[in-house]
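Colleague: I'd like to learn how to read this structure. Could you take me through it feature by feature?

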Amino acid sequence: MYLTVHKRITYLRHLIVSLAQARDISKALLIFSHDHYDEDINELVQSVDFCKVMQIFYPYSIQTHPNEFPGADPRDCPRDMKKEQALIKKCNNALYPDLYGHYREAKFTQTKHHWWWKANRVFNELEVTRFHSGLVVFLEEDHYVAEDFLYLLGLMQKRSHDLCPKCNILSLGTYLKTFNYYTYSNNKKL
């Protein structure tokens with residue numbers, strides 16, 4: 001399992017408690033991938049004793065490069081600047097706004113770059129995972145798992161061979177940015 005860790009120790013603590021209560025977790029390897037160095041978080045991760053643990057640290061973080069890429073370079077184009085204005089100003093990436101006409105925001109760029117770095121590091125560079133051919137679970141520090149999530153993941157994998165032989169990604173849940181209980185409960189009555 002690969003856990004992306006930022007700075008939210010309270011959420012991480014809840015995730016670790018939920019993982020500790022999961023059946024068969026002792027068979028897992030948890031790889032904590034950090035994009036921020038924090039002694040308290042490291043101490044928390046090092047206290048995990050219910051399975052094997054490894055920590056890796058994203059080397060190109062905003063914490064270590066606050067005023068240059070991947071951090072916010074003073075020459076970066078402001079997020080909402082129009083391309084024409086950016087070209088006149090000659091700011092970084094003036095020629096390359098995203099599909100919506102926005103320019104890079106360091107904190108979001110770091111999240112994406114950290115994710116790709118972590119995936120490449122784990123799948124291509126770490127000796128301990130190089131020949132792993134089993135299931136992989138990606139989690140973030142603000143996720144929470146059910147006690148039977150590994151069991152259900154195994155069932156899903158077995159059924160997926162019959163139900164969708166070409167499927168190679170399984171999702172154990174969704175991530176709602178907001179949940180409107182009122183709308184949900186009213187829709188259920190219809």
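Modeller: Let's start with one cysteine. At 7% relative accessibility, Cys91 counts as buried; the word means under 20% relative accessible area, with exposed over 50% and partly exposed in between, using a 1.4 Å probe and protein chains only. Before going on, note that this is a predicted model, where local features need pLDDT of at least 70, side-chain atom pairs count only at pLDDT 80 or more, and totals for chains, interfaces and linings use all residues. Residues are numbered from 1 along each chain as its sequence is written, and side-chain values use heavy atoms, leaving out hydrogens and water.

Colleague: Which cysteine does Cys91 form a disulfide with?

Modeller: First the general idea: a disulfide is a covalent bond between the sulfur atoms of two cysteines. Here the test is a pair of cysteine sulfur atoms within 2.5 Å. Cys91 passes it with Cys77, their sulfur atoms being 2.0 Å apart. Cys77 lies in the loop between strand S3 (52–57) and helix H3 (83–89), and Cys91 in the loop between H3 and helix H4 (106–125), so the bond ties together parts that are 14 residues apart in sequence. Those element names come from DSSP runs, numbered from the N terminus: helices are H or I with at least four residues, strands are E with at least two. Cys77 is buried too, with a relative accessible area of 4%.

Colleague: Why is the disulfide of Cys77 and Cys91 called right-handed?

Modeller: Look at the torsion about the S-S bond: for Cys77 and Cys91 this is about 100°, so the disulfide is right-handed.

Colleague: How many disulfides does the rule give?

Modeller: The count is two. Cys164 is joined to Cys167, S to S 1.9 Å, and the torsion there is about 70°, so this disulfide is right-handed. Cys164 is partly exposed at 28% relative accessible area, and Cys167 is partly exposed at 37%. If you number the bonded cysteines in sequence order, the pairing reads 1-2, 3-4.

Colleague: And Cys51, is that buried or exposed?

Modeller: Cys51 is buried, at 12% relative accessibility.

Colleague: Now the hollows. What is the volume of the largest pocket?

Modeller: The idea is to lay a 1 Å grid over the protein atoms alone: a pocket is an open set of points with protein on both sides within 12 Å along at least five of seven lines, a cavity is a set where a 1.4 Å probe fits but cannot get out, and lining residues have an atom within 4 Å of a point. Points are joined across faces, edges and corners, and the volume is the space filled by probe spheres set on them. The largest pocket here comes to about 920 Å³. It has 29 lining residues, and nearest its centre are Val136, Val137, Leu170, Ser171 and Leu172. Strand S4 (138–140) and helix H5 (149–163) each give at least two residues to that lining, with H5 providing the largest share, six.

Colleague: How does the lining of the largest pocket divide by class?

Modeller: There are 17 nonpolar, 10 polar and two charged residues. Nonpolar covers Ala, Val, Leu, Ile, Met, Phe, Trp, Tyr, Cys and Pro; charged covers Asp, Glu, Lys and Arg; the others, Gly among them, are polar.

Colleague: What about the second largest pocket?

Modeller: That one holds about 490 Å³ of space. Its lining has 17 residues, with Lys27, Ala28, Leu29, His132 and Leu135 closest to the centre. H5 turns up again, with the largest share of this lining, three residues. By class, the lining splits into 12 nonpolar, two polar and three charged.

Colleague: Which residues line the largest cavity?

Modeller: Asp76, Cys77, Asn92, Asn93, Tyr103 and Arg104 do, so to speak wrapping up our tour of hollows. The volume of this cavity is about 40 Å³, and the structure holds one cavity of 30 Å³ or more.Colleague: Last one, a helix. Which residues of H1 are buried?

Modeller: A handy rule: an α-helix has 3.6 residues a turn, so residues three or four places apart point the same way. In H1 the buried residues are Leu12, Leu15, Ile16, Ser18 and Leu19. They cover an arc of only 160° around the axis, which puts them on the same side of H1; the arc is taken from the directions from the helix axis to the C-beta atoms.
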